[in-house]
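Work through the exercises below with the structure open beside you, and try each task before you read its solution.

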Amino acid sequence: MPFGYASPEQIMRDKADYARKGIARGRSVVVLQYVDGILFVAPNPSKALHKISEIYDRIGFAAVGRYNEFEELRLGGIRYADINGYTYDRSDVTGRGLANLYASNLGRIFTDSIKSLEVEVVVAEVGDEPDGDAIYRLTFDGSVFDEHGFAAMGGQAEAVSSRLKERYRESMSLSAALEVALAALTEPGGERPPATQLEVAVLDRNREHRKFQRLAGSRLERLLPASDAAAPAPAAEEGEKPPPTGPEGDVDDGSSPL
């Protein structure tokens with residue numbers, strides 16, 4: 001047996017463990033349906049480095065893990081959407097097509113590269129009716145999960161998902177959905193972060209043309225008291241130290257978990 005030999009199974013397990021540890025160091029992201037579309041919520045003190053973004057008219061993107069790695073995926077998705085929308089028709093750009101593209105790229109990198117990407121991604125598409133909404137969660141190895149109602153990733157994803165499952169209801173208002181998301185993102189006993197420490201966006205089916213909209217400033221502050229009144233609940237992980245809020249937020253070089 002050659003010196004330093006490792007079986008393919010062991011190599012794959014090591015790469016998977018490495019990716020999971022990196023993803024778990026990032027703050028959780030929650031994506032869930034509400035009556036008028038899809039809501040994205042993530043604790044994020046940085047104003048420049050976004051975990052939630054628009055891809056195309058009806059499609060949103062959320063990610064957790066290494067910022068430089070998921071930012072490259074985001075930009076690739078925008079290029080794919082723009083080229084296909086221009087070449088064919090804007091309606092031909094779908095969340096499922098984008099999810100398939102990401103799955104192919106992530107799976108190839110996981111199999112062929114020495115190091116897998118430390119990222120987990122959600123691609124969400126809003127339909128004309130709630131039945132047309134779609135949420136796809138993709139993991140570092142290219143696996144795709146068609147989520148129904150909500151999805152959580154990063155940080156303590158299992159605990160966050162459990163709290164979401166307990167609180168989630170269909171056809172919630174925006175303020176109620178925000179309350180559910182914030183309650184899920186916290187452990188009991190924590191303090192809810194201020195609006196300046198949150199990144200929040202929606203895909204609103206009632207908007208014309210481009211459905212993506214960020215919620216910040218006074219509009220988000222108005223929604224937060226409404227969600228507090230609905231059901232007071234903490235929204236920051238207990239014992240978590242406040243992240244740095246300098247010029248580069250909580251990412252030093254674009255490669256740290258976000």
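**Exercise 1. An aromatic pair in a helix**

Task: Starting from F70, decide whether this residue is buried or exposed, and then find how the rings of Y67 and F70 are arranged.

Solution: Begin with the burial of F70, whose relative accessible area is 0%, so that F70 is buried; note that the model is a predicted one. Its partner Y67 has a relative accessibility of 12%, and because buried means under 20%, Y67 counts as buried. Next, locate the two residues: Y67 and F70 both belong to helix α2, where they are 3 residues apart, about one turn of the helix. In the structure, the count of aromatic pairs comes to 4. For Y67 and F70 the ring centres are 5.4 Å apart and the planes stand at 80 degrees; since an angle over 60 degrees counts as edge-to-face, the pair is edge-to-face.

**Exercise 2. The helix around that pair**

Task: Describe the span of α2, and state which elements its buried residues pack against.

Solution: Start with the span, which for the 21 residues of α2 is 30 Å from the first C-alpha to the last, close to the 30 Å expected at 1.5 Å a residue. Then list the buried positions, among them Y67, F70, L73, G77 and A81, and including the charged residues E69, E71 and R74. Finally, look outward from the helix: the buried residues of α2 pack against β3 (52-56), β4, α3 and β5.

**Exercise 3. Salt bridges at three kinds of separation**

Task: For the pairs D17 and R20, R137 and E147, and E118 and R66, find where the partners lie in the chain.

Solution: The whole structure holds 14 salt bridges, and three of them can be taken in turn.

- Step one concerns D17 and R20, whose side chains meet at 3.4 Å, N to O. Both lie in helix α1 (residues 8-24), and because they are 3 residues apart they are separated by about one helical turn. D17 is partly exposed, with a relative accessible area of 38%, and R20 is partly exposed as well, with 46%.
- Step two concerns R137 and E147, which meet at 2.8 Å, N to O. R137 lies in strand β6 (residues 134-138) and E147 in strand β7 (residues 144-147), so this salt bridge ties together parts that are 10 residues apart in sequence. R137 is buried, with a relative accessible area of 17%, and R137 also lies over the face of F145, at 4.5 Å from the ring centre.
- Step three concerns E118 and R66, which meet at 2.8 Å, N to O. This pair links distant parts of the chain, 52 residues apart, with E118 in the loop between α3 (95-112) and β5 (119-125) and R66 in the loop between β4 (59-65) and α2 (67-87). Both residues are buried, and they belong to a network of salt bridges that also links R25, E69 and K115.

**Exercise 4. The largest nonpolar core**

Task: Find which residues touch the most other members of the largest nonpolar core, and which element gives the largest share of this core.

Solution: The core has 27 residues, and those touching the most other members are V30, L32, L39, V41, L164, L178 and V200. Several elements give two or more residues to this core, including the strands β1 (29-34), β2 (37-43) and β9 (198-204) and the helices α4 (157-167), α5 (174-184) and α6 (217-230). The largest share, 7 residues, comes from α5. Helix α5 is largely enclosed by the rest of the structure, because 9 of its 11 residues are buried; among them are L174, L178, V180 and L182, and also E179. As a sample member, take V30, which, when neighbours within four places in sequence are left aside, is in contact with residues including L39, V41, A151, L164 and A181. Apart from this core lies another, of 24 residues, among them I55, I59, L106 and L138. As a general point, nonpolar side chains tend to be buried together in soluble globular proteins.

**Exercise 5. A residue in a loop**

Task: Decide whether E170 is buried or exposed, and say where E170 is placed.

Solution: E170 has its place in the loop between α4 and α5. Its relative accessible area is 70%, and because exposed means over 50%, E170 is exposed. The C-alpha atoms of E170 and P130 are separated by 9.6 Å, although these residues are 40 residues apart along the chain.

Terms used
Residues numbered from 1 in each chain as written. Heavy atoms only, no water. Core = buried A, V, L, I, M, F, W, Y, C linked by side-chain atoms within 4.5 Å. Buried < 20%, exposed > 50% of the residue type's maximum accessible area, 1.4 Å probe, protein only. Helix = DSSP H or I, 4+ residues; strand = E, 2+ residues; numbered from the N terminus. Contact = heavy atoms within 4.5 Å. Salt bridge = Lys/Arg side-chain N within 4 Å of Asp/Glu carboxyl O. Phe/Tyr/Trp six-rings, centres within 6.5 Å; stacked < 30°, edge-to-face > 60°. Lys NZ or Arg CZ within 6 Å of the ring centre and 35° of its normal. Expected span 1.5 Å × (residues − 1).
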